[in-house]
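This report is written for a reader meeting the structure for the first time. It begins with the interior and then turns to one helix and to the chain as a whole.

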Amino acid sequence: RSPTTPCAPTTPCALLASPPSSDLEGSQPEAPAEVQPQAGCHSVRFAEEHSSLPGASRPLPAPMSTNYCAPPTFLARKKCTVLVLDLRPLHEDSKGPPFVGLPAAYRGFLKHLHDLCTAERGTLECLIGDRVVVAFNAASTNSSHRVAAAECMIQLLRAWPDTAMASDFAMYAAAVTRDCLCGSWGPTRVLLGEAVDICAAMLQLAAARDAPYGLVDGPLYQQLQYTYVCRQVDSFTLHPHTAQAQTLPIYEVQAA
């Protein structure tokens, strides 16, 4: 590798790929001899430096610490519908965990999310912090990806008030259909494109309005308007102050 071509640094998602600590008991994997840290490649050094942190009794597994020195593979351009969910605390001034049963409540929510993704043939692309990204027609073909995303969004928001987390968190949802680059990077799935960023901007609007329904942009609304009850609630400018500036209407999807 040329020293002028840096490797991508290890991302937080890499930590999700490590096996549980119980799987490592009694063993200490060694890095392959042919893999050496190089200029601009931080992932191996990251493993070495952080193995001495509190709670890290052994180095990170070698496969995880070296996978991200290679570029993403198997990237393909696909038309996908991306659904992004945000969980936001209702009590900003609260200290510590909202309630004792939070881990169990999260497990219940994630099981429900998994069941809906399976039923609607969606793929859980990323779960980090309190944000969830689900893609339809990415990892597996789904010719009805627009309707599948809308149905998943409606079912999640409809069930939310009855969950154990609803008294402490509000959930907002937004979905768009865009061309994405889908593939993998080591053990982690990759979803590249502006879809997640557009959804993030729409989620800001949803939180400001305390929107009880999921939001979609104009292009996705055009595909859903004959199947779902939709209402325009706002608009925003994509790529403002550039030659690509575009004002998009925002709709809430109320029901089928």
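## The nonpolar cores

In this predicted model, the largest nonpolar core holds 34 residues, of which Leu 83, Leu 85, Phe 109 and Val 216 touch the most other members. Two or more residues come to this core from each of several elements, namely strand 1 (73–89), strand 3 (131–136), strand 4 (169–185) and strand 8 (246–255), together with helix 4 (102–119), helix 5 (145–159) and helix 7 (218–224). Helix 5 gives the most, with 8 residues.

Leaving aside residues up to four places away in sequence, Phe 109 touches Leu 85, Leu 87, Val 132, Leu 156, Trp 160, Met 165 and Met 171. Another core, of 26 residues, lies apart from the one just described, and its members include Ala 138, Ala 195, Cys 199 and Leu 238.

## Helix 6

Helix 6 covers residues 195–209, and because each residue should add 1.5 Å, its 15 residues should span 21 Å, which agrees with the 21 Å between its end C-alpha atoms. Within helix 6, the buried residues are Ala 195, Ile 198, Cys 199, Ala 200, Met 202, Leu 203 and Ala 206. An α-helix has 3.6 residues a turn, so residues three or four places apart point the same way. After helix 6 comes Asp 210, which has a positive phi, near 50°.

## The chain as a whole

The protein chain has 7 helices and 8 strands, and 38% of its 256 residues are buried. Among contacts with a separation of 6 or more, 71% join residues 24 or more positions apart. The chain exposes about 13800 Å², and carbon and sulfur atoms supply 56% of that area.

How values were computed:
Residues numbered from 1 in each chain as written. Predicted model: local features only at pLDDT ≥ 70, side-chain atom pairs only at ≥ 80, totals over all residues. Heavy atoms only, no water. Helix = DSSP H or I, 4+ residues; strand = E, 2+ residues; numbered from the N terminus. Expected span 1.5 Å × (residues − 1). Buried < 20%, exposed > 50% of the residue type's maximum accessible area, 1.4 Å probe, protein only. Contact = heavy atoms within 4.5 Å. Areas by Shrake-Rupley, 256 points an atom, 1.4 Å probe, with all protein chains shown as cover. Core = buried A, V, L, I, M, F, W, Y, C linked by side-chain atoms within 4.5 Å.
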